[in-house]
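Please look over the sequence and the model before reading on. The report below goes through them topic by topic.

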Amino acid sequence: MTVREQIEQRERETLSPYAMLVLNSRGRAHPEPEHAFRTAYQRDRDRIIHSKAFRRLKRKTQVFLAPERDHYRTRLTHTLEVAQIGRTVARALFLNEDLTEAIALAHDLGHAPFGHAGEFVLNELYAEGFNHTAQSLRIVEKLEKTHRGPGLNLTFEVRDGIANHSKGKGIILGMKEPGAVTLEGDIVAVCDAVAYINHDIDDALRGGIIRTSDLPGAAVEHLGDTSSERIDSMVLGIIEGSKEGTIDIARDVRESMRTLRDYLYNYVYPCETIHREIENAKKVLRELYAYLLSHPPEQVRCEGDPTDSLERKIVDFIAGMTDPYAMELYTRYLLPAAWKT
């Protein structure tokens, strides 16, 4: 037996009956020979980590725009936290850790610069609409280039998990709605929320936007005084609340999570400091989109599928930018330059 076959056998012998075994995968859009020592989900994970889109996450906004200080979260550190929390839950429930990790690492590849502000602007400007979930799929299926051609040719289950990663809100709100086809995909959806609820509170405290005493007292008393304690409580709530082939959260933990999530949406995200910078970011991207549409660079016109419209190519170009690169192009194209003789 190859190393890969031994791993596949271990999955059959040790994982839950509800786990997605790699041997049961629906496979790739374009079949490939199996690898000697990596399963299909492990190869998906590695392709994502080595992609250019993944590397760009390190300079994309999570909540605080273009942070210069080292300790604020970026889209990359958020992604890594989701992957870590997701693997912990998957291991405790005897589900497929490799699949969970691959979905988590790819779930936010399609985020535009300046976070949800960038997503809002592109959706506003592009007639066909824009959201980061669809863009993440577009990246792994079409835009990322490898020696194999366009796209990363990921397995069906990873692509499905990416497409459904925003369904964690429904789990927190106790809404029963269709999610991913795998429990591993549902784990990523809810662990995405666990990560951002906790690290956005942590960053808001670090930025002086809120104080610890401002947090909802009952939720803090129930989940814990520190970010570490709260994550631990939430993870335990998912483990204890998930049963009979479903991913759920113990009711008391879910209510406290909802309280903290509501607090973020009511008092942190709309605060003057963040709102002011979001409006500035929207202005940058609106003007940059208009300029690129009327002055498309050669690299944009020649990239992508020849059947794509110029508007589609401009959206892909802007969505792929990091925060600093978007500001660099804005300065280059739309701000007056000092006269040089």
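What follows covers the core, two helices, the cysteines, the aromatic rings and some backbone angles.

## The core

The model is predicted. Its largest nonpolar core has 92 residues. Ile-48, Leu-109, Val-158 and Ile-197 have the most contacts inside this core. Helix α10, residues 183-206, gives the most to the core: twelve residues. In soluble globular proteins, nonpolar side chains tend to be buried together.

Which residues is Val-158 in contact with, leaving aside its neighbours within four places in sequence? They are Tyr-41, Asp-44, Ile-48, Leu-99, Ala-102 and Ile-103. Ile-48, one of these partners, is also among the residues with the most contacts inside the core.

## Helix α4

Helix α4 runs over residues 75-92. At 1.5 Å a residue, its 18 residues should span 26 Å. The end C-alpha atoms are 26 Å apart, so the span agrees with that expectation.

The buried residues of α4 include nonpolar ones such as Leu-76, Val-82, Ala-83, Ile-85, Val-89 and Ala-90. Arg-75, His-78, Thr-79, Glu-81 and Gly-86 are buried in α4 as well. Against which helices do the buried residues of α4 pack? The partners are α3 (52-56), α5 (97-106), α6 (115-125), α10 and α12. Helix α10 thus appears here as a partner of α4, and it is also the helix that gives the most to the core.

## Helix α13

Helix α13, residues 251-268, has 18 residues. At 1.5 Å a residue it should span 26 Å. Its end C-alpha atoms are 25 Å apart, which agrees.

The buried residues of α13 are Val-253, Arg-254, Ser-256, Met-257, Leu-260, Arg-261, Tyr-263, Leu-264 and Val-268. They pack against α9 (168-172), α10, α11 (217-223), α12 (227-241) and α14 (272-294).

Gly-217 lies in α11. Is Gly-217 buried or partly exposed? It is partly exposed, because its relative accessible area is 48%. Its C-alpha atom is separated by 9.9 Å from that of Leu-260. The two residues are 43 residues apart along the chain.

## Cysteines

How many disulfides does the structure hold? It holds zero. Cys-191 has 0% relative accessibility, so it counts as buried. Cys-271 is also buried, with a relative accessible area of 13%.

## Aromatic rings and charges

A search of the whole structure finds four aromatic pairs. One of them is Tyr-263 with Tyr-267. The ring centres are 5.3 Å apart and the planes lie at 35°, so this pair is tilted. Both tyrosines lie in α13, four residues apart, about one turn of the helix. Tyr-263 is buried, with a relative accessible area of 8%. Tyr-267, at 55% relative accessibility, counts as exposed.

Tyr-291 and Tyr-333 also form an aromatic pair, and this one is stacked: 4.8 Å centre to centre, 20° between the planes. The pair links distant parts of the chain. Tyr-291 sits in α14 and Tyr-333 in α17, residues 323-334, 42 residues apart. Tyr-333 is partly exposed, at 26% relative accessibility.

Charged side chains lie over rings too. Arg-332 lies over the face of Tyr-333, at 5.7 Å from the ring centre. Tyr-333 therefore has two roles to note: a ring partner in Tyr-291 and a charge over its face, at a ring that is partly exposed because its relative accessibility is 26%. Lys-282 lies over the face of Phe-120, at 4.0 Å from the ring centre.

## Positive phi angles

The table lists residues with a positive phi.

| Residue | Phi | Place |
|---|---|---|
| Phe-94 | near 60° | follows α4 |
| Phe-114 | near 65° | loop between α5 and α6 |
| Glu-244 | near 50° | loop between α12 and α13 |

Are the two loop residues Phe-114 and Glu-244 buried or exposed? Phe-114 counts as buried, at 4% relative accessibility. Glu-244 is exposed, with a relative accessible area of 70%.

Technical notes
Residues numbered from 1 in each chain as written. Predicted model: local features only at pLDDT ≥ 70, side-chain atom pairs only at ≥ 80, totals over all residues. Heavy atoms only, no water. Core = buried A, V, L, I, M, F, W, Y, C linked by side-chain atoms within 4.5 Å. Buried < 20%, exposed > 50% of the residue type's maximum accessible area, 1.4 Å probe, protein only. Helix = DSSP H or I, 4+ residues; strand = E, 2+ residues; numbered from the N terminus. Contact = heavy atoms within 4.5 Å. Expected span 1.5 Å × (residues − 1). Disulfide = S-S within 2.5 Å. Phe/Tyr/Trp six-rings, centres within 6.5 Å; stacked < 30°, edge-to-face > 60°. Lys NZ or Arg CZ within 6 Å of the ring centre and 35° of its normal.
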